[in-house]
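Visitor: I should like to learn how the descriptive terms for a protein model are justified. May we look at one together?
Guide: Certainly; let us place it before us.

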Amino acid sequence: MEMGEKMNKEALVVCSDKSTGIGITVWDLETGEQLLHIPTCAAAPHGLFCLRNQFIVASQSNRHGSFGGGSIFIWPLNKPQSPLRSYTLEAMGPISCTKDGLYIAGGAPSGNAYLWEVASGRLLRTWHAHHKSLKCMVFSDDDSLLIFGCTDGIISVWSMISLVDVEDSGSSPSLLYYSSEHRSSITGLVTMSAGARSIFISSSLDGTCKVWELVSGRHLQTLIYPMSVTAITLHPIERLLFSGSVDGNIFVNVLDIGAVEDCFVTTEDQAFVLKVHNESITALTFSGFHLISASEDFTFCLWDTINRVVLRRFNNRKGAVTNMVVIKQSSLFPISNHQRVTHQFQVSLLQKYPQPSNPGKGMATFLSFPASHSKPPPTHFHGNNLLDHLISGSEQEEQTPAMLQTKLEKNIDDRLWVTSMTKHVMEISKHLQCRLLDMMQCRLLCNPYEPDSSPKKKRHKIQSQNQPPTEQSQ
C-alpha cells in the first residue's frame with residue numbers, strides 16, 4: 001500500500017532564468033524536501049516541460065537574445081547522467097511538445113519558429129511565424145493546432161498538418177488565423193473544452209484575459225483586471241481561471257462561456273483574490289486540485305483554493321522561479337530490466353539545420369533495449385510507420401494470426417485518424433461558411449445612408465497571404 005501511494009505521489013520541478021548556477025530542483029510537495037537537483041540550467045519563461053513523464057526538456061536562456069545560437073537540454077529523470085545537449089541555430093525562448101511526445105516546437109526572439117521530430121531529432125520545419133519575439137506557445141488538446149503568443153499582442157494559430165508535411169517543407173506553412181485584440185505582450189496560453197467546442201484563453205500585460213473559440217478564432221469573452229496579467233492556469237476540473245498579476249495578487253474567475261452570446265461584449269467579472277506574494281507572479285500550475293504559485297519574491301506556494309489558505313511555502317533564495325512542471329515521483333525511480341521494453345522511448349539530438357533523415361546520426365543513449373536485440377530499431381519512421389516497418393519485416397517470414405490481427409488493428413487506427421482529421425477540416429469549413437454568410441447578411445441589412453456605429457471588428461481573416469501583418473489594422 002505504501003508503495004502504491006509513493007507511485008501516485010507528485011513532485012514539482014522548478015527552475016529560474018536568472019543564472020545557470022541555480023539549476024533545476026525537484027521538490028516533494030507533501031514533505032517539502034528536495035528530491036533531486038540538476039545543475040547548470042537557466043530556462044527562459046515557458047521554456048521547460050516534461051516529455052512523456054520520462055525527460056525534462058529546457059531551453060537555455062541566452063542573455064544575448066537570438067544572436068550566438070542557443071541550446072535545448074534533455075535530462076532523463078530515472079537515472080543520473082549528463083543531459084543531451086542540442087545546439088540550435090538561435091536562442092530558443094518558449095518550447096512545448098505534443099501530448100504524445102512525438103514533436104517539439106520552439107520559438108525564438110527573432111519571430112522564427114522551429115519544429116523537430118523527437119525520435120529522430122530531425123528539424124522538420126523552420127519558418128518566420130512573426131516579425132516580433134515569440135513569448136509563449138501551446139498545442140491544442142488533439143495536437144492538430146499550434147498557437148503562438150507574441151510580444152506585440154499578436155496571437156497566431158497554425159495547422160500541424162502543414163507543419164509536419166515533409167514533402168512540402170520548402171513552402172510556407174498554413175496560417176489558420178491570427179488576432180490583434182491584445183494591446184501588449186502575451187504572457188500565457190491555455191486550452192480547454194467547453195461543452196462540444198474547444199476554446200483557448202490568452203493573458204496579456206494589457207490587463208486582460210480573452211477567451212477564443214479554437215477552430216474559428218471567434219472572440220468569445222474578455223476579462224478585465226486592474227493590473228497587468230503575468231501568468232494564467234485553469235483548474236483541472238472546474239471552469240475556474242486563475243490569473244496572476246504584476247502586484248502579486250491571484251484572481252479567480254468562473255468561466256461561463258455559454259452565457260455570452262455577443263462575441264464583442266466585454267465583461268468584467270467579479271473575482272475573489274488570493275494574496276500572499278509581495279511581488280509579481282511568475283508562474284502558475286496545478287498539482288491535483290492544489291494550486292501552485294511562484295513569484296519574484298523568491299517563494300512559491302501550495303494553495304488550498306477551497307479554503308483560500310496556503311498549505312506550504314517554499315523558499316528559492318537563489319532566484320525567482322519562472323518555470324514549474326508537475327511530474328510523478330515514480331518517474332524518478334530507476335527502471336528495472338523487465339520494464340525497459342514497455343517504457344522504451346527514444347530521444348535524439350535535435351538538428352541545427354534541416355537535413356535528410358539519417359537514423360544513425362545523433363542517437364541518444366537514454367534508451368535501453370532488451371538484451372536479445374543486437375541493435376535498436378530504425379528511427380526515421382513517423383508515428384505508425386514504425387509499425388508498418390515491423391509488419392512488412394514479419395510478412396517476409398510468415399503470416400501468423402497474431403500478425404494479421406496487428407495489421408487489422410493498425411488499419412483501424414489509420415482509418416480513425418483519417419476520420420478525425422476529416423471531421424476537423426469539415427468543422428473549420430463550416431465555421432468559415434457561417435462567418436461568410438453573417439458578413440453577407442450584415443452587408444445586405446446595412447443602411448448605406450447611416451454610418452456604422454458598431455465597434456469595428458479587429459479580427460483579420462487570411463486572404464491571399466499566409467504571414468501575419470507587419471502592422472496592425474487601423
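Guide: A residue is called buried under 20% relative accessible area, exposed over 50%, and partly exposed in between, with a 1.4 Å probe and protein chains only as cover. This is a predicted model, in which local features need pLDDT of at least 70, side-chain atom pairs count only at pLDDT 80 or more, and totals for chains, interfaces and linings use all residues. Residues are numbered from 1 along each chain as its sequence is written, and side-chain values use heavy atoms, with hydrogens and water left out.

Visitor: Why is Ala58 called buried?
Guide: Ala58 has a relative accessible area of 0%, and the limit for buried is under 20%; therefore Ala58 counts as buried. Ala58 belongs to strand E5, and its C-alpha atom is separated by 8.1 Å from that of Ala44, 14 residues apart along the chain. Strands (E, at least two residues) and helices (H or I, at least four) are DSSP runs, numbered from the N terminus.

Visitor: What makes strand E4 largely enclosed by the rest of the structure?
Guide: Strand E4 covers residues 43–51, and seven of its nine residues are buried, so the strand is largely enclosed.

Visitor: How do you know that E4 and E5 pair?
Guide: Two strands pair if DSSP finds at least two bridges between them. Five bridges join E4 to E5 (residues 55–60), and these strands run antiparallel; one partnership links Ala43 with Gln60 in E5. The hairpin of E4 and E5 has three residues between the strands, and Arg52 takes a positive phi near 50° there.

Visitor: What makes the phi of Phe298 and Arg308 worth pointing out?
Guide: Most residues other than glycine have a negative phi. Phe298 is not a glycine, yet its phi is positive, about 70°; Arg308, also not a glycine, has a positive phi of about 60°. Phe298 lies in the loop between strand E25 (290–295) and E26, and Arg308 in the loop between E26 and E27. With a relative accessible area of 34%, Phe298 is partly exposed, and Arg308, at 45%, is partly exposed as well.

Visitor: Which strands are called edge strands in the sheet E24-E25-E26-E27, and why?
Guide: Those four strands, in that order, form an open sheet with antiparallel pairing. Strand E24 (281–287) and strand E27 (309–315) are the edge strands, as each pairs on one side only. The twist averages 20° from one strand to the next, where axes are lines fitted to C-alpha atoms (for helices over the stretch in contact) and angles run from 0 to 180 degrees between N-to-C directions. Six bridges join strand E26 (residues 299–304) to E27, which run antiparallel, and Phe300 has Phe314 in E27 as its bridge partner.

Visitor: Why does the count of disulfides come to zero?
Guide: A disulfide is a pair of cysteine sulfur atoms within 2.5 Å, and by this rule the count is zero disulfides. For Cys97, the closest cysteine sulfur, in Cys50, is 8.2 Å away, too far for a bond. For Cys150, the closest is in Cys136, at 8.3 Å, which is also too far. Cys97 is buried at 15% relative accessibility, and Cys150 is buried at 0%.

Visitor: Why is Met440 called partly exposed?
Guide: The relative accessibility of Met440 is 45%, which falls between the limits of 20% and 50%; therefore Met440 counts as partly exposed. Met440 is located in helix H5 (residues 401–445).
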